[in-house]
Amino acid sequence: MEATVLDSWVLAEFSTPDALVTATRQMREKGFEGMDTYSPYPLHGGSEALGLPPSRVPFIALCGGLTGVATALAMQTWMNTIDYPLNIGGRPLLSLPAWVPITFELGVLFAAFGIFFGLLGLSRLPQPYHPVFESEEFRTASTHGYWLSVPQATGTDAAPVMDQLKALGATQVTLVTGEKE
Amino acid sequence: MPPMNTKRDGAPSQDTPSSFALPVVTDRPAARSDVVGEALEHAAANASPSEPGYGQTYWRSLEEKLGTPDYLEETRPEFPVGADLAPTGFARREFMHLLGASLALAGATACSTRPVDERIMPYTKTPPELVPGNPLHYASGMTLAGHTSGLLITAREGRPVKIEGNPDHPVNQGAAGPWEQAFLLSLYDPSRARVLRQGKSPRALRVLREELVNAANKAAANDGGSRVRFLSEPGNSPLTGDLRTRILKKLPNARFHSYTAQTHDTQDEATRALFGGQPVSAVYDFAQADIVLSLDADFLESRPENLGYARQFANRRDPNNGPLNRLYVAEARFSITGGMADHRLRVKSQDVLAVAAAVAQAVGGPAASLAGAAANKASLKSDHNAWVQAVVADLRAARPGRTLVVAGERQPAAVHALAHAINAALGNTGTTVKYVQSSIAEQEGLSQVRALVEDITAGRVDTLVITSWNPVFSVPADTGLKELLDPATNPNRGNLTVLYTGLYEDETSQYADWFVPAAHPLETWSDGRSFDGTVAIAQPLIQPLYNGVPESELLAMFLDEPYRPAYQMLRDYWQGQSEGQADFEALWESWVSDGAIPGTQAAPAQGAPDFGAASALVTGYTAPATGELEINFVYDYKVFDGRFGNNSWLQELPDPITKMTWDNAALLSPETAKGLGLEPGDLAELNYGGRKMTVPVWITPGHADDTVTMALGYGRDGLHEQVAKAVGFNANAVRTVKAPWFDGGATLTKVRGSHKFSLTQTHWRMENRPLALDMPLSELKNPSIATQHTLHRVKSELKFGVQDNLPAFDYNKGPSNPQGYKWGMAIDLSRCTGCSACVIACQAENNIPVVGKQQVAVSREMQWLRIDRYFEGSESDPRMVMQPVMCVHCEKAPCEYVCPVNATVHSDEGLNDMVYNRCVGTRYCSNNCPYKVRRFNYLHYTADKTATEKMLMNPDVTVRNRGVMEKCTYCVQRIERVRIDARVEKRVINEKELQTACQQTCPTQAITFGSLNDPQQRVTQLHEDERAYKLLHELGTRPRTAHLIRVRNPNPALEPAAPAAANQGSH
Amino acid sequence: MSRLSAAALLAVPAIGIGGLMAYVRSPYVTGQQRPIEQPIEFDHRHHAGDEQIDCRYCHWSVEESPSAGIPSTTVCMSCHAQVWNKSPYLNEVRKSFFSDQPIPWVRVHNLPDFVYFNHSIHVAKGVGCATCHGRVDQMAAVEQAAPLTMAWCLDCHRNPEPHLRPAEFITSMTWTPPEDKAKAAELGRQLAEAYDVHSRESCSTCHR
Amino acid sequence: MAETASTTYHDPLEPRPLVAPHHDDATLNETLLDHVWRKPGKGWFMLFGLSLSALGLLVIGVTYTLARGIGVWGNNQPVGWAFDIINFVWWVGIGHAGTLISAILLLFQQKWRTSINRFAEAMTLFAVMCAGLFPLLHTGRPWFAFWLFPYPSTLGAWPQFRSPLVWDVFAISTYLTVSALFWFVGLIPDLAALRDSSKTKLQRTIYGLFALGWRGSGRHWHNYKIAYLLLAGLSTPLVVSVHTIVSFDFAVSLLPGWHATIFPPYFVAGAVFSGFAMVITLIIPARKYLGLRDVITDRHLENMNKVILATGLLVSYGYLMEHFVAWYSQNQYELWTFYVNRATGPYAGVYWLMIACNVITPNIFWFKKCRTNIAIMWVASIAVNIGMWCERFIIIVTSLSQDFLPSSWGIYTPTWVDWSIYIGTLGLFGTLFLLFLKFVPAVAISEVKELQLELKHAAHQHGSDDALAGAGTLTHGAH
């Protein structure tokens, strides 16, 4: 963490989720980029309001699943048929039907890993520290507050943005500055 | 002769004990760490505190002594000069000790990780005949109840590890019964006696010798030894006989009484009467007999002298050897012989006389006159008449000299006389029955004990030397011997000095003034005659482990001769016997290495039987009381008269009939039990002859009604016999001298409580499943619809794609099986009597642990080979069929595909390999084995083995750890050893050189093993036999073991053909 | 930060498992490369190297028994009664001989008890001493040359030909297969043919 | 157990509410997190003590087993598996309900799942942990159990992939992993809520650590929603496959009573059956203790009882088919197993108890009175749990004790160690569950809040209270 580049955000709290979604949409229409919403549960229409592209999680999951299936088939065939072929109760060395359960399970396991690590990776989690945690008010974001953050170049005047947010119905607006990730 | 062990090495030629050419092995190093003390301490801890006079106090004092170093110094084996332990002794011993912990016992700590810093102790001087790592085979012998059988013993680096029958011995022909094989276990038994003592004080052998010499000299001078008595086992040993003669020369008025618990009293009485007092034995030839009638004779049981009979008989049950014989048996309890019968008549033992008389009457001749005399002693029950008439008709229809009537040794002399007379009338004398000079010349039996008791009571004895096994236990309670020997009951006991020698501190030893631990027969040299007269030389395999004294050396002390070891005495005796023959040296070597002295068969008896003289036996016979229950005493199939009581292999061997382990019971028929309101496991009070005893009850189908049978040999209370202690009840306690075998007038009353039996098989019905197939030969030849259906189920082809979806593996010689063997086995149910010799053979060969009664009770017995015993037909009078089952090595093994770690897999030759060290113990294989032949080490069953006991282990077989599955391997260690020998010599394995342990020992050759790829081998031919079928064939497991249908030869007059088929099994 | 923790999350178990795999193959576990000190300073370099004594002179049961055999004291004394019969190095040997006490050699090649290895068949089929035991003639104190793991046994049993040598060189410490790959392979084939080599992989070959 | 006043004012014909209507986000947050911050009550400590002592039994039983060997159990030669595998299957079966509630209902967008899914998932996790003990313990040499995993060993040997036990290893470890991931992913927002409503630094640090830095960011929610849905989607076939594989342990063998093609569906139905019963058993006291009657309402319970009825009928059908096939095949061994051994053999008592509990008991849920009576359903759910345990006993022990050769038939009797390990796993489960109740939100707060919002929207649109009940038809994702 040698970088000491500082980033700033303007944080605005809204009283209802609908207000937040509306405000977000309007801010984006005004050309603000890199905004983010914060809410205790997913906002209906929140993703669209932020203009996010479709999630890549399903694709990662598919890749994981296919890797699992391929790994399982290759592993079982190599271990029981090629590397150490043994006569097991007169069963064929390549007993494909018997390979099915593990193939399925490994497919599921790898897909689940794909989802989990995909989620973490795409969200850049775990992230034990984040500048917004400095704001005591912001703690409501995970319980009952609805927040919008607008990136603000450090050193520039944040007042216009804050005013705009207030105009859109924000109950409170603050500026947070912290180390860049 | 199947020469499995063709290496006949090790004929020792030098003549001092130090040059037995055997490594000397004792657990001496262990002794230094006070093994004696530990053993006695153990005994003391287990001794009953209420033991009168001979209990804890005694042992505590002994124990204190044992603790001190002077004691150990004093009790070191103190042989006279020249007999001391050889200088090489110590080193080899030491070697063995350490070897025992490492190299030779490879496998003792199976499945551990690699041990570190292990020591290797090489021989300092390797014995010339020994190649470390390879086994040696020595001929020897074992004497049991007046018969010496020939044994062949395998030794590994000086440790005997396996006993087999001597193929060169005319009786054994390679076979050995359970007793001979389990004999090995007693050699290493840690509860064997090891302290020579006078009263309560340990004594050196030198002291005993001085004492005996003085006593003998004094007695000789006083009155020629008229106050000296010997009670010994029957004298079938020429060497012992010679010693007796010489003792009697010195002490002409002394007397020898012969007694062994398994007496031949009545048959002896009969033959002596027939032959004018000559000691004569009847030798039977079952090979010639087309029709056999057994009058309560269990001639197929596994007693050593029956091995030859069993083989002859079994050969006549194989349809490929010609027409089958037919066996009729009249008996009370279901015996092994009864199980082989084509027609079995359930009769009370006392009714056998009537059956014999009726047959005798009908066959006429001398028999008829005897029968007349018997007529007023017993009358044939009307419902036995049809059976007897059919038997008579059959006997008379057979060719003269081709039948045989055998009387049982429990039957009175009158029955024996009648049997001899019937044989004479049927022309069997000289064909199926031959009379020869008995190998035991003297009178023996209970009468002898009675005479001794009279002498002692009358105060005519002051020295009694007991060398026979444990008479205090083995004689009936009313003999009075125990009371005479017990100071508490005999005020004059002080006038009598009793010397007893035995392997254990037992019931008799506690009353002995002198106790001499005996050398185990495998620790010393001896000889003995088999019942047909053949002399076997028994050579030792090991130096005495526990300082035992050989019987011959003990007897020689009475002669005040310069000390000669047993070896020297034996050799000198036989040198004297072969006077005039050139090159005794060579003769001796061949005798020792062959194990038998040729040309020693008994001579034919003089003269012909005189049946007139025998009528006195019949007229003099007093029939036992009728009414109430008839009580029967029988020898046990496992512990015999109790002398194998401390042998855990035998205790855990399931009784062939009841499948009971670690117990005896009062056996009843189902109807009788019902009448008495008794259930299996109930306790009942037995009231007989004024004596009462509480006995547990068990019910066996096929038992005669209104009789109760109790096996002798249980309820042992020997001081140190830890295994035997408190197993079962002692039937001798109610037995009488007057009626030692059966008598009427007993009652059983149910009392409170129950007894937990440990049985290995609790369900006796086949539930109509086609398992142990059993049918008349005619039914097999012309099967009924039902039989056809059954045969279809057990042997029809399983078509690929229809009944079987798995492609066949290629087991032909080729890339997948480069050496081309295809192992298989065949078990002929027609031949199998169920004697269980194979079970013990397997146990010895494969290091199978004993688990104890509690574990058997929860179905955890470990024997790889079990003999399934089924009853067919009605519960009251069923037929019995035996079926040995061990792993059948399925080609489509259900156990293998469920094993998660490849611990059980197929070898290229079709063996179902069990890899112990890979096994994690999921037990899935056992669950999925339809034959339930897999055994799981639920606990660490080998954990408490002492160093001595470990010497018994076969080093070629891994000793299994707990948590590991195991099962029959087709003796893969034998296959691999023979294979490697053959491969080194670049040849193929010969059928004769490779036998599994069970096959090798089977007296009736019911088990055959070999390569199914070789059409010449017997196993292949048996697999193609029309009787061959596969157990649970319909499951598609494709076993490599074939069972051969048991065929019976019923008399059509007794068994209409139709209903037989209905019982065959399938529906 | 998040990348680091994610990486650690994955790397720790991977390194742990991988390290364990490497460890069990290392001499620490297999027992290789550990010269064993014996009660007597017996030097194979001298006996097998300088003096060129055939292995079978002392390990005489190797051709007929599962065990190659540790020579008995008499074997030592058959020479050392004559040579070096006063050497202090041989004190223990003489003591053993005269007191009839065995020499407690320390085991170097120690297979688990459930493995049944047979020397005679290997020697008969052209597997030389040095193949498994290494250059004993260069070892002052004998050490275990091969890992003696099951996988190592299987390597040869699956493809024995490269490890075969002519019977006359069976105890040779210096024999090597021909340099030329093709020739070596050809020799292997010929020997396998001549000795009727059918190495088996069935479990009961070694585990009984 | 009388019902609370808050729900009794409803007209009985009206569907009952999924969330009691008087809550907003803040109060929900407070209610649902209350038990975490509150000091646990006497009842909790009592139950915890009880569970800990049962856990002590487990420790004793397991230690003794490891020291002496499997022989201290009652297992024997014909009956190689007994309590070990019975308990394994039983626990796995219980575990399945959790995943099903959570995943399948999510996929089917059954809104009523939100209040009970966390609870059910935790149950899954702990039940699978208990289950996972047994395959390990039941081996004779558990210290070598790692041989079941494919790793490059110096032996050069591999697992044998035809064995259902290896399938089990993969299935159970996958199941445990995926369940844990599913549970944890669901927990992340709630952990963040905990972190943010924590009162001390320590609490904040610990919950913060587990919350992974979750901030409720819209960009995160964007991935999260689909990830959670996908995990649910994966869990559904997984749960079916796991119990199918567990049933393969039996179906793949050739034992009469095991060798049956109906096993996979019949086992899955049985698992759901016993799992839902276990949820009922646990949730009735838990909702009382946690004061969660407002979110875990009678409607939830009634719906679960309907599931129990349905799966109970499926299980009964399974029994029927087993017997029918045995009769139809006229296979001698099957006939014996189903018509002689089970019904009249040494374990007939267990068989009839199973029939009573599994076949007869669920049928009371045809009646609404029974479906809505707390006392009746609680007793019935316990009966079903017992019945399903008996079913496994019948399948495993009875089939093993009398198979093909009558000579080797035997009797199994459990020992004290068997019982103490079984009771011990109940203790382990209870301990874990009580800790869960204490330290983690027992109800998925973010989901309940979301549901609350949806319900309000719907109510607003329809202007009727009906929508509170009919909200199940609303889509879960974005409009």
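Two residues count as in contact if their C-beta atoms, placed from the backbone, lie within 7 Å. Keep that in mind for the exercises below, and remember that this is a predicted model.

**Exercise 1. Work out which residues of α10(B) are buried and what they pack against.**

Start with the list: Leu307(B), Gly308(B), Tyr309(B), Ala310(B), Arg311(B), Phe313(B) and Ala314(B) are the buried ones. Next, set that against the helix itself. Seven of the nine residues of α10 (residues 307-315) of chain B are buried, so the helix is largely enclosed by the rest of the structure. Finally, look for the partners: the buried residues pack against two strands of chain B, β4 (159-165) and β9 (280-284).

**Exercise 2. Describe the fold and overall form of chain A.**

Begin with the elements: chain A has five helices and four strands. Reading along the sequence, you get β-α-β-α-α-α-β-α-β. Now the dimensions. Along its principal axes, the C-alpha trace of chain A spans about 80 × 40 × 30 Å. The radius of gyration of chain A is 25 Å, whereas a compact globule of 181 residues would come in near 16 Å. Then check the interior: 46% of the 181 residues in chain A are buried. Last, take the contacts in chain A with a separation of 6 or more; 79% of them join residues 24 or more positions apart.

**Exercise 3. Dissect the contact between chains D and A.**

First count both sides: 54 residues come from chain D and 57 residues from chain A. On the chain D side, α2 (25-37), α6 (164-197), α7 (201-211), α8 (218-251) and α16 (445-462) each supply at least two residues. The largest share there is that of α8(D), with 17 residues. By class, the chain D side that touches chain A has 28 nonpolar, 17 polar and nine charged residues.

**Exercise 4. Track down some backbone oddities and say where they sit.**

A reminder before you start: most residues other than glycine have a negative phi, and most peptide bonds are trans.

- Step one: the peptide bond from Leu125(A) to Pro126(A) is cis, with omega near -5°. Pro126(A) lies in the loop between α4 (96-122) and β3 (146-152) of chain A.
- Step two: Asp560(B) isn't a glycine, yet has a positive phi of about 55°. Look for Asp560(B) in the loop between α19 (551-556) and α20 (566-577) of chain B. It has 14 C-beta neighbours inside 10 Å, so Asp560(B) counts as partly exposed.
- Step three: Asn768(B), also not a glycine, has a positive phi of about 60°. Asn768(B) sits in the loop between β28 (758-759) and β29 (774-776) of chain B. With 16 C-beta neighbours inside 10 Å, Asn768(B) counts as partly exposed.

Definitions and conventions. Residues numbered from 1 in each chain as written. Chains lettered and ligands numbered in written order. Predicted model: local features only at pLDDT ≥ 70, side-chain atom pairs only at ≥ 80, totals over all residues. Nonpolar A, V, L, I, M, F, W, Y, C, P; charged D, E, K, R; others polar. Rg over C-alpha atoms; globule rule 2.2 N^0.38 Å. Buried ≥ 20, exposed ≤ 12 C-beta atoms within 10 Å, placed from the backbone.
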